[in-house]
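Student: I would like a close look at a single part of this model, followed by whatever surroundings help to place it. Please take your time over the answer.

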Amino acid sequence: VDCSIEPLLDSDILWADLLMISAMHVQRDEVKRIAGRARALGRRVMVGGPYASSQPDVLLEIADHVVTGEPDNVFAAIARDLETGAAARLYEVREKPDLASLPLPRFDLLKMEKYASMSVQFSRGCPFECEFCDIITLYGRKPRTKEPARLLAEFEQLYAMGWRQTVFIVDDNFVGNQKRALELCREIEPWQAARGWPFIIYTEASIDLAGRMPLLEAMVAANFLMVFVGIESPDAAALKEARKFQNLRKDQLASVRALQRKGLWVMGGFIVGFDSDRADIFEQQRAFVEQAAIPWAMAGFLQAPPTTALFDRMVREDRLLWNSPATSNFSLPDFRTALPLATLVDGLRGLLEELYTPARFYDRAFRSLLHWRAPEGRRPPSPPVTYQVMTVIRSIVRQGLLSRYRVEYWRFFIRMLVEWRRSPIKRWWAFTLLASGDHFINYKRQVVASLAAELSRVREESRAPAQTAR
Ligand code: SF4
C-alpha cells in the first residue's frame, strides 16, 4: 500500500501476518501512527528504509523489528527468521549491496493508473560531501550502479505494461558516477528510438553536470528532459559552509542556463538558515530564482538530519534541539540558528509568498520555456486519450473557472497556444506547468499561513524569554 496515493485500511493490516513499513525521515509521524494502529490490531511491525537507518533506537520503541542499512541481499535470511519465529529485534546491515544483483521490481503490483510517473533507480550514493546530506552517510560516497542492460530490462517491463508517460530515475545524484551514467544514456537512446520515444525521463543531478557536455548531450539524446538541481544558495559563503564545493566551481546562474539551453528544463532546491546567512539572503534567493527562471523552486529551512556532519556539528556546538518536531524543510530548523529565528521565519514566509504569487509563478514558467531548448522533433508522452481529456477538463474547471487566479491562468493559456503552436513537446510541458499552479499556489497558501502562525509564536516567546522552550 502506497500511502501517498491511497489510505491504509484496517482490512489491509488485518490481512497481513506482519506489517512492513519503509519510510523516510520526513514521514516519521506517519510511521508512528501506522505502527500504533497495527499493534493495536494485534499485528507485528517491522520498519526499514532511510528513517530506520538513521534512528533505529526511536523505532525500537514502537516496532517489533527494525532493519537498518540496505537489506536487499540479506532479506531472504530475515524472512526465514520470521518464518521460524527466530527474528531479531534489530538487524544492522552494514554491507552495501552490488546493485547489479538485485531482482527486477514488481511493477505489476502497482496501481499504475494512480501515478503520473514511474520510478526506477540506477545508482545509490554520491561522491560529494554536503554537510546537511544523509545520502552519503546512509548510502556511501562511492556511487554504485546497475548495469545499463539491467535498467533497460526495467524500462522494457514498464513499456510492455503499456506505460507511456514520464519515468523518474530517483537517484539522489544521477551523475555521481559520470562514466556509468554516460554508458547508460548511450544505451537508452537507441532503445527509445526503436520504440518511438515512449518515455520522457527526469532525474536529480549535481550542478557540475552543466560542465560535462558529452554526458549532458547524451542525457538529452536519451530523452531526459527535466532535472532537479540542488542549488541551495546563491551565496558563496553558505555553499562553503555547507561543503557544497561542486556548486562553487562555476557561476551557478550560467550553469542553470547551460542546462536549459542544452535541453534540460531545470527545477531547483534552495535552503535558508545557514550560519553565514544575513537578513538579505531572502532577497538574494528571490532574485536568483527569478533570473534563472525556475518555476518549481523548492525553498525551505536548513535541517540537520541524524547521521549527517551537520547533525554532529550541532551536537558539538550544543545547538541541536533534540526534541524538535521538524518533519520537513518548512518545519522550524531543528537546531539553534545564527540568524534570529523570527527573521528567518519571516524571511522564508515572504520569499515563498513572493515566488508563488500567481503572476510571478506563471511568468517564471513562461520564461523557463523560452530558455529551454527542447530537442527537435520529440513528442510528448501519449497516455490514453480519456486521461488527457479528463486532465484538461479538470484543469479548466478548477483553475480556469473556479480559482482566484483565473486571470493569470488564461493569460498563460493563451500565450502558450500562440507561442508553441508548432511545438507539441513545449505545449505539453507548458500545459503541465499551467496545471501545476493548482498545487504550487494552493500549497504556498498553506505553508505561508503555517509560517505566519509560527512567527507569531516565536515573537511571543521572544517577548517572554524566560518561557522560551526552543
Ligand atoms: S550533491 Fe546532493 S546527494 Fe550529493 S552529497 Fe550533496 S546534497 Fe547529498
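Is T307 buried, partly exposed or exposed, and what is its relative accessible area?

Tutor: Bearing in mind that this is a predicted model, T307 has a relative accessible area of 28%, and it is therefore partly exposed, since that class lies between the limits of under 20% for buried and over 50% for exposed. The residue is placed in the loop that runs between β12 (297-301) and α13 (309-316). If its neighbours within four places in sequence are left aside, T307 is in contact with S54, D134, T137 and L138. A further relation links T307 with T68: the two are 239 residues apart in sequence, yet their C-alpha atoms are 13 Å apart in space.

T68 leads on to the sheet, because strand β3 covers residues 65-68 and pairs with strand β2 (residues 44-48) in the parallel sense over 2 bridges, a number that meets the requirement of at least two. Within this pairing, M46 has H65 of β3 as its bridge partner. The open sheet as a whole consists of 4 strands in the order β1-β2-β3-β4, with parallel pairing. Its edges are taken by β1 (18-22) and β4 (90-92), each of which has a single partner strand, so that one side of each is left without a neighbour in the sheet. From one strand to the next, the twist averages 15°. Helix α2 (residues 28-40) packs on the sheet and touches β1 and β2, its direction making about 180° with that of β1. Helix α5 (residues 75-84), for its part, lies across β1, β2, β3 and β4 and runs at about 165° to β2.

Another packing arrangement involves two helices, α12 (residues 281-292) and α15 (residues 358-371), whose axes are 8 Å apart and meet at an angle of about 45°. The two helices are therefore oblique to each other. Their contact is made by R286, V289, E290 and Q291 on the α12 side, and by R360, R364 and R367 on the α15 side.

Two other loops contain residues with positive phi values. W197, in the loop between α8 (178-194) and β9 (200-205), has a phi near 55°, which is positive although the residue is not glycine. W197 is partly exposed, with a relative accessible area of 22%, and R378 lies over the face of this tryptophan, at 3.8 Å from the ring centre. N223, in the loop between α9 (213-221) and β10 (224-232), also has a positive phi, of about 80°, without being a glycine; N223 is buried, with a relative accessible area of 0%.

A charge over a ring is found again where the charged end of R195 sits over the ring of Y159, 5.9 Å from its centre. As for rings paired with rings, the structure holds 26 aromatic pairs. In the pair formed by Y409 and W410, the ring centres are 5.2 Å apart and the planes stand at 85°, so the pair is edge-to-face. Y409 is buried, with a relative accessible area of 0%, whereas W410 is partly exposed at 29%. One aromatic cluster includes, among its members, F361, Y362 and F366.

Definitions and conventions
Residues are numbered from 1 along each chain as its sequence is written. This is a predicted model: local features need pLDDT of at least 70, side-chain atom pairs count only at pLDDT 80 or more; totals for chains, interfaces and linings use all residues. Side-chain values use heavy atoms; hydrogens and water are left out. Rings of Phe, Tyr and Trp (its six-membered ring) pair if their centres lie within 6.5 Å; planes under 30 degrees apart count as stacked, over 60 as edge-to-face and the rest as tilted. Buried means under 20% relative accessible area, exposed over 50%, partly exposed in between (1.4 Å probe, protein chains only). A charge sits over a ring if NZ of Lys or CZ of Arg is within 6 Å of the ring centre and within 35 degrees of the ring normal. Axes are lines fitted to C-alpha atoms, for helices over the stretch in contact, and angles run from 0 to 180 degrees between N-to-C directions. Contact means heavy atoms within 4.5 Å. Angles under 35 degrees count as roughly parallel, over 145 as roughly antiparallel, 65 to 115 as roughly perpendicular and the rest as oblique.
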